Amino acid sequence: EALVAIAVLTIGVVGPLSLLANSLNNANYAKNQITAFFLAQEGQELIINYRDNLRLDIADEGEVASADPDSPSYWLRNLGACMDDSACYIETRRHTEIERCGDGNFEENDKSEYSCPFLSTDALGFYGYNIGRGADYTIFTREINIEPVEVGGMVDEAKVTVNVLWQDKTQTRRFELNSIIYR
């Protein structure tokens, strides 16, 4: 009778504990995926902000009349680090530094010189790069790629792809966000 009682209790305890462990893993994955979504959305907004600021700079400098409006460099000027199958990242605090990540390989994130740097958080929990002393590195990297799209012989739009990668136990996870920006 004691063996049967122990077996019943073991089955009764092990079942809920395994469900609890599975629920904790799913909650952690959901938390990381939500964070990746917001980081990808921020990457899109950084590119849009950068493009808008470049347009204002061009207008202030009086270059609109002299610029070639059909050239990608006209409205995507200074975003070359993100084009030509290359990935880039933008310093989130200054919004002025665009750096090339390496070879633009979106499939691997092995903390090598060929991947974008890992984002870190400051004491207030804000994400960024080069935060400085006291920064905690996160599990997330963000890669941005811009592909000019030619429509009717003109480059009036560009496809922006933001990939956020993170290591989840033994598996590299990736969240990809695509959008189209216009001249």
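This briefing describes the overall build of one protein chain and then looks at one of its strands, its disulfides, a surface patch and its salt bridges.

The structure is a predicted model. Its chain contains 2 helices and 7 strands, and someone reading along the sequence meets them in the pattern α-α-β-β-β-β-β-β-β. Of the 183 residues in the chain, 35% count as buried.

**Overall build**

- Among the contacts in the chain with a separation of 6 or more, 48% are made by residues that lie 24 or more positions apart.
- The chain has an accessible surface of about 11,000 Å², and carbon and sulfur atoms account for 54% of that surface.

**Strand β3 and its partners**

- Strand β3 spans residues 118-121 and is covered on both faces, with F118 and S120 buried on one side and L119 and T121 buried on the other.
- Strand β5, which covers residues 136-151, runs antiparallel to β3 and is joined to β3 by 3 bridges; within this pairing, F118 stands opposite T141 of β5.
- Strand β4, made of residues 127-128, also runs antiparallel to β3 and is joined to β3 by 2 bridges, and here T121 stands opposite Y127 of β4.
- The hairpin formed by β3 and β4 has 5 residues between the strands, and in this hairpin G125 takes a positive phi near 90 degrees.

**Disulfides**

- The chain has 2 disulfides, and when the bonded cysteines are counted along the chain, the disulfides follow the pattern 1-2, 3-4.
- One of these disulfides is formed by C82 and C88, whose sulfur atoms are 1.8 Å apart; the link is right-handed, with 80 degrees about the S-S bond, and both C82 and C88 are buried.
- Another disulfide is formed by C101 and C116, with their sulfur atoms 1.6 Å apart.
- This pair links distant parts of the chain, since C101 and C116 are 15 residues apart, although both cysteines sit in the loop between β2 (98-100) and β3.
- The torsion about the S-S bond of C101 and C116 is about 80 degrees, so this disulfide is right-handed.
- C101 has a relative accessible area of 6% and therefore counts as buried, and C116, with a relative accessible area of 1%, is buried as well.

**A nonpolar patch on the surface**

- V13, L17, L20 and L24 form a nonpolar patch on the surface, and together these residues have about 390 Å² of accessible area.
- V13 has its place in helix α1, which covers residues 2-61.
- With a relative accessible area of 46%, V13 is partly exposed, because this class lies between the cut-offs of 20% for buried and 50% for exposed.

**Salt bridges**

- Side chains of opposite charge can pair when their charged atoms come close.
- The structure holds 4 salt bridges, and one of them is made by the side chains of R142 and E42, at 2.8 Å from N to O.
- This salt bridge links distant parts of the chain, with R142 in strand β5 and E42 in helix α1, 100 residues apart.
- R142 has a relative accessibility of 1% and so counts as buried, whereas E42, with a relative accessible area of 29%, is partly exposed.
- A salt bridge is also formed where the side chains of D168 and R173 meet, at 3.4 Å from N to O.
- In this pair, D168 is buried, with a relative accessible area of 13%, while R173 is partly exposed, with a relative accessible area of 24%.
- The side chains of R174 and E176 likewise meet in a salt bridge, at 2.6 Å from N to O.
- R174 counts as partly exposed at 37% relative accessibility, and E176 is also partly exposed, with a relative accessible area of 35%.

Note on methods
Residues numbered from 1 in each chain as written. Predicted model: local features only at pLDDT ≥ 70, side-chain atom pairs only at ≥ 80, totals over all residues. Heavy atoms only, no water. Helix = DSSP H or I, 4+ residues; strand = E, 2+ residues; numbered from the N terminus. Buried < 20%, exposed > 50% of the residue type's maximum accessible area, 1.4 Å probe, protein only. Contact = heavy atoms within 4.5 Å. Areas by Shrake-Rupley, 256 points an atom, 1.4 Å probe, with all protein chains shown as cover. Pairing = 2+ DSSP bridges. Disulfide = S-S within 2.5 Å. Patch = residues over 30% accessible without salt bridge, like charges linked within 9 Å, V, L, I, M, F, W, Y side chains within 5 Å.
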